[in-house]
Amino acid sequence: MERTLVIIKPDAVQRGLIGEITGRLENRGLKVVGVKMMWINRELAERHYCIHKDKSFYDNLIAYITSAPVVVQVWEGPKAIEIVRHTFGATQPLDANPGTVRADFGMQAERNLSHASDGPETAASEIANFFEPDELVEWTRCTDPWIMLKERGAAD
Ligand code: CDP
Ligand code: MG
C-alpha cells in the first residue's frame with residue numbers, strides 16, 4: 001500500500017485548519033499511520049526542499065516553512081500519493097480546482113497551506129526525513145472493506 005508525507009504548513013496551523021485538512025484526508029478514505037507536531041529547523045527545511053534550492057522563491061519558502069509549528073503526517077492507501085495531491089490542488093491556489101484545500105483556503109503559492117509528496121521515491125525519502133521507522137504505526141481499520149478492495153495494489 002502506498003504511503004505519502006503531508007505537512008500542514010505554518011499558515012494552516014496558525015489559522016486553525018489542522019482538523020479541516022486532516023478531516024478531508026480521513027473523509028477521502030486514507031488511513032493515517034504517522035503524526036507529529038514540530039517546528040522545522042533550517043537544516044531539515046533545506047533537506048526537504050533541496051530540489052528548489054536554485055529557485056527564486058527558495059529563501060521565502062525556507063522562511064515560511066520554518067516560521068511557526070507544522071503538523072507532519074504519513075497517510076496510507078491505494079494511490080495515496082496522487083489522492084492527497086488531488087485533495088490539496090495545484091501549487092498556485094488560483095490554478096487549484098474549487099473543492100481542493102488550496103483553492104478553498106488559499107490565494108498565493110507562498111501561503112498554500114499544505115505539502116504532499118509528488119512520487120514514490122520522494123515520498124520514501126521525505127517520510128525518512130521526518131519519521132523514524134518506529135514512529136509509523138501498522139494498524140487495521142475495521143472500515144477498510146467499505147472503503148477499498150484490498151486485493152488492489154498501489155499501482156491499480
Ligand atoms: O507543493 P507543491 O509540490 O505543489 O509545489 P512545488 O513546486 O514543489 O513548490 C514547493 C512550494 O514552494 C510550494 O508548495 C509553495 O509553497 C512554494 N512556491 C512558491 O512560494 N512560489 C512558487 N512560484 C512556487 C512554489
Ligand atoms: Mg513539490
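# Exercises on a predicted model

L113 sits in the loop between helix 6 and strand 4 (114-116). The model you are looking at is predicted, and the exercises below walk you through parts of it.

## Exercise 1: A loop residue

Work out whether L113 is buried or exposed, and find what is notable about its phi angle.

Solution.
- Step 1. Start with the accessible area: for L113 the relative value is 0%.
- Step 2. Compare this with the cut-off: buried means under 20% relative accessible area. L113 is therefore buried.
- Step 3. Turn to the backbone. Phi of L113 is positive, about 75°, although the residue is not a glycine.
- Step 4. Look for another case. K79 also has a positive phi, near 55°, and is likewise a residue other than glycine. You will find K79 in the loop between strand 3 and helix 5.
- Step 5. Check the accessibility of K79: at 30%, this residue counts as partly exposed.

## Exercise 2: The cores

Find which residues touch the most other members of the largest nonpolar core, and then see which elements build that core.

Solution.
- Step 1. The largest nonpolar core has 20 residues, and I7, I40 and F130 touch the most other members.
- Step 2. Two or more residues of this core come from each of these elements: strand 1 (2-8), strand 2 (31-38), helix 3 (42-48), helix 4 (58-65), strand 3 (70-77) and helix 7.
- Step 3. Helix 4 gives the largest share, 5 residues.
- Step 4. Now zoom in on I40. Setting aside residues up to four places away in sequence, I40 touches I7, A45, I65, T66, V70 and F130.
- Step 5. There is also a second, separate core of 16 residues, which includes V13, A80, L113 and A116. So the loop residue L113 from Exercise 1, with its 0% relative accessible area, turns up again here.

## Exercise 3: A glutamate in a strand

Determine whether E76 is buried or exposed, and name the side chain with which its own side chain makes a polar contact.

Solution.
- Step 1. Locate the residue: E76 belongs to strand 3.
- Step 2. Its relative accessibility is 13%, so E76 counts as buried.
- Step 3. The side chain of E76 makes a polar contact with the side chain of R3, at 2.8 Å.
- Step 4. Widen the view to the contacts of E76 beyond four places in sequence: these are M1, E2, R3, L30, K31 and V33.

## Exercise 4: Around helix 2 and F105

List the buried residues of helix 2, name the elements they pack against, and then describe the surroundings of F105.

Solution.
- Step 1. Helix 2 covers residues 18-28, and its buried residues are I21, T22, G23, R24 and L25.
- Step 2. These buried residues pack against strand 1, helix 1 (10-14), strand 3, helix 5 (80-88) and helix 6 (101-105).
- Step 3. Just after helix 2 comes G29, with a positive phi of about 115°.
- Step 4. Move to helix 6, where F105 is found. F105 has a relative accessible area of 21% and is therefore partly exposed.
- Step 5. Leaving out neighbours within four places in sequence, F105 is in contact with R15, L17, E20, R24 and L113.
- Step 6. Try one distance: F105 and P93, 12 residues apart in sequence, have C-alpha atoms 8.3 Å apart.

## Exercise 5: The ligand

Identify the residues that come nearest to ligand 1, and find how much of its accessible area the protein covers.

Solution.
- Step 1. There are 13 residues around ligand 1, and those that come nearest are H52, T91, R102, A109 and N112.
- Step 2. Follow the oxygen atoms of the ligand. One lies 2.9 Å from an N or O atom in the side chain of H52, and a polar side-chain atom of R102 is 2.9 Å from an oxygen atom of ligand 1.
- Step 3. Add K9, where an N or O atom of the side chain is 3.0 Å from an oxygen atom of the ligand.
- Step 4. On its own, ligand 1 has 510 Å² of accessible area, and the protein covers 82% of this.

## Exercise 6: Cysteines

Find how many disulfides the model has, and compare C50 and C142 with the accessibility cut-offs.

Solution.
- Step 1. Recall that a disulfide is a covalent bond between the sulfur atoms of two cysteines.
- Step 2. The count comes to 0 disulfides.
- Step 3. C50 has a relative accessible area of 41%, so C50 is partly exposed.
- Step 4. C142 has 69% relative accessibility and therefore counts as exposed, since exposed means over 50%.

Methods. Residues are numbered from 1 along each chain as its sequence is written. Chains are lettered from A and ligands numbered from 1 in the order in which they are written. This is a predicted model: local features need pLDDT of at least 70, side-chain atom pairs count only at pLDDT 80 or more; totals for chains, interfaces and linings use all residues. Side-chain values use heavy atoms; hydrogens and water are left out. A nonpolar core is a set of buried Ala, Val, Leu, Ile, Met, Phe, Trp, Tyr and Cys residues joined through side-chain atoms within 4.5 Å. Buried means under 20% relative accessible area, exposed over 50%, partly exposed in between (1.4 Å probe, protein chains only). Helices (H or I, at least four residues) and strands (E, at least two) are DSSP runs, numbered from the N terminus. Contact means heavy atoms within 4.5 Å. A polar contact is a pair of N or O atoms within 3.5 Å; within protein, one must be able to donate a hydrogen and the other to accept it, and residues adjacent in sequence count only if both atoms are side-chain atoms. A disulfide is a pair of cysteine sulfur atoms within 2.5 Å. A residue is near a molecule or strand if one of its heavy atoms lies within 4 Å of it. Accessible areas come from the Shrake-Rupley method with a 1.4 Å probe; for residues, only the protein chains shown count as cover.
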